[in-house]
Amino acid sequence: MDTEEAWTPEAEAAAVKEPPKIHRLEESVVNRIAAGEVIQRPVSAVKELVENSLDADATSINVVVKDGGLKLIQVSDDGHGIRYEDLPILCERHTTSKLSKYEDLQSIKSMGFRGEALASMTYVGHVTVTTITKGHLHGYRVSYRDGVMESEPKACAAVKGTQIMVENLFYNMIARRKTLQNSSDDYTKIVDLLSRMAIHHTNVSFSCRKHGAARADVHSIATSSRLDSIRTVYGVSVASNLVQLEASEYNDSSSFVFKMDGYVSNSNYVAKKTTMVLFVNDRLVECAPLKRAVEIVYAATFPKASKPFIYMSIVLPPEHVDVNVHPTKREVSLLNQELIVEKIQSAVELKLRQSNDSRTYKEQTVESSPSSPYNPSKDLHLNPSGSKLQKVPVNKMVRTDSSDPAGRLHAYVQSKPHTSVASGPNLSAVRSSVRQRRNLNETADLTSIQELIDDVDRNCHSGLLDIVRHCSFIGMADDVYALLQHNTHMYLANVVSLS
Ligand code: ADP
Ligand code: MG
């Protein structure tokens, strides 16, 4: 069947479309597109503003947010301020005080360098700057739109430093605004960002609050110790479950490949997802391969605590880091990245193994029974390579053994010969003593009761009885199940339905 239409010169002319004409975009469109990349969401604006404050040597940075940053982002600092003469070009694209020639990028120490952030904010929001410089009696306030001042700066009262206010973010980007309507989501991201900043920059105090709220959601004070700031920001439950970590690699005595110091969680820290706070040369960045490498170690070492908390600060020679690979500077590219990831992974592995091997369990001090050779005042060190078990094949190894006093539950409690289950092998004797204790008036002589007991004894599963008799109590798995061990098997016993 032939479905093709007959060829005609007119049909061919219609099929081949004219190439569209190329024209130059208006500058305002170019700027808005570029701004949309630098300021992807409210949290990116906060990050840029806070980094500017850090670059201005601030020791106190306060952030106020309304509607997840869409209505208002206000960042105030006590830094060196902005000169009056610089205000006219402050928000133009590519105006910066931090970089003059391309080569400076190789050794850049400041967070900013492109002179794009403030400009970008003026293309997608309304920016107002209030600033005062040292030695001046008053400050200036000025608002910006599309890179330029809306009017001359006005003299105003001001406290030390700079306050930058961004209002109505993305007012001219309808689609972006719509996708960001769930404002609580971005506020969470902002709180998260400031928490991370706060634990790294321990000499700066940070606060972050919702507009009108009395309480700040992040409130850090400048402290001398990293652990103190982690405790203030992330809480005691995180800070008390961390181990300190260091790693480094040197080429020779004079040059280094990298240095890393940080804190990672131990097996007591349990979370639903990994928190990785990573700074490379003081820049907050992400590094997926490093995160994965550390997670692998946790999954293998602490299967139940496989989602760690990680704080790491990596320092490299500045010329080994390319900071200019991402529009929001979220990622950096590192020379020797594979080697660095590998070294850090081994350092984490070693640290976790050490902390696992030397875990110390303190038991309640109980009076030791004279019959038991076990000394309860001694700490119990769990060492997986215990010499005592060396001759046993690996698959037959038991961590606790009911024949070993240390593994026996009753070794932990003071035994009273007449009431202890373990003291009398005769099950019915124990039962009657328990029954008598429960209800002294009850007579055990009733034949119906005796028949019931005999029935239970007859139907008793000998294997199960052996397990119950010779098992060791490991601990409570949750509120309902106790974990018991019998030889090389583990059992979960529902202790709620037992009682
Ligand atoms: P960059 O940080 O890349 O230089 P920005 O657009 O973020 O570009 O800022 C432009 C300039 O404005 C900075 O170089 C700095 O001189 C000045 N500036 C911005 N924020 C502050 C601030 N909080 N305190 C002092 N100066 C600031
Ligand atoms: Mg900047």
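These notebook entries record what I looked up in a predicted model.

Conventions. I number residues from 1 along each chain as its sequence is written, with chains lettered from A and ligands numbered from 1 in the order in which they are written. Local features need pLDDT of at least 70, side-chain atom pairs count only at pLDDT 80 or more, totals for chains, interfaces and linings use all residues, and side-chain values use heavy atoms, with hydrogens and water left out.

Ligand 1. I found 20 residues around ligand 1 (a heavy atom within 4 Å); the closest are Asn52, Thr96, Ser97, Lys98 and Gly115. I looked up polar contacts (N or O atom pairs within 3.5 Å). An oxygen atom of ligand 1 lies 2.5 Å from a side-chain N or O atom of Thr96. For the side chain of Lys98 the corresponding distance is 2.7 Å, and for that of Asn52 it is 2.8 Å. The protein covers 94% of the 530 Å² of accessible area that ligand 1 has on its own (Shrake-Rupley method, 1.4 Å probe). Helix 3 and helix 4 each give two or more residues to the shell (helices are DSSP runs of H or I, at least four residues; strands are runs of E, at least two).

Helix 4. I then asked how far helix 4 (residues 117-124) is enclosed: 8 of its 8 residues are buried (under 20% relative accessible area, 1.4 Å probe, protein chains only), so the helix is largely enclosed by the rest of the structure. Its buried residues pack (heavy atoms within 4.5 Å) against helix 2 (27-38), helix 3 (42-55), strand 3 (126-132), strand 4 (139-145) and strand 7 (161-167).

Conventions: Buried < 20%, exposed > 50% of the residue type's maximum accessible area, 1.4 Å probe, protein only. Polar contact = N/O pair within 3.5 Å; in protein donor to acceptor, adjacent residues only side chain to side chain.
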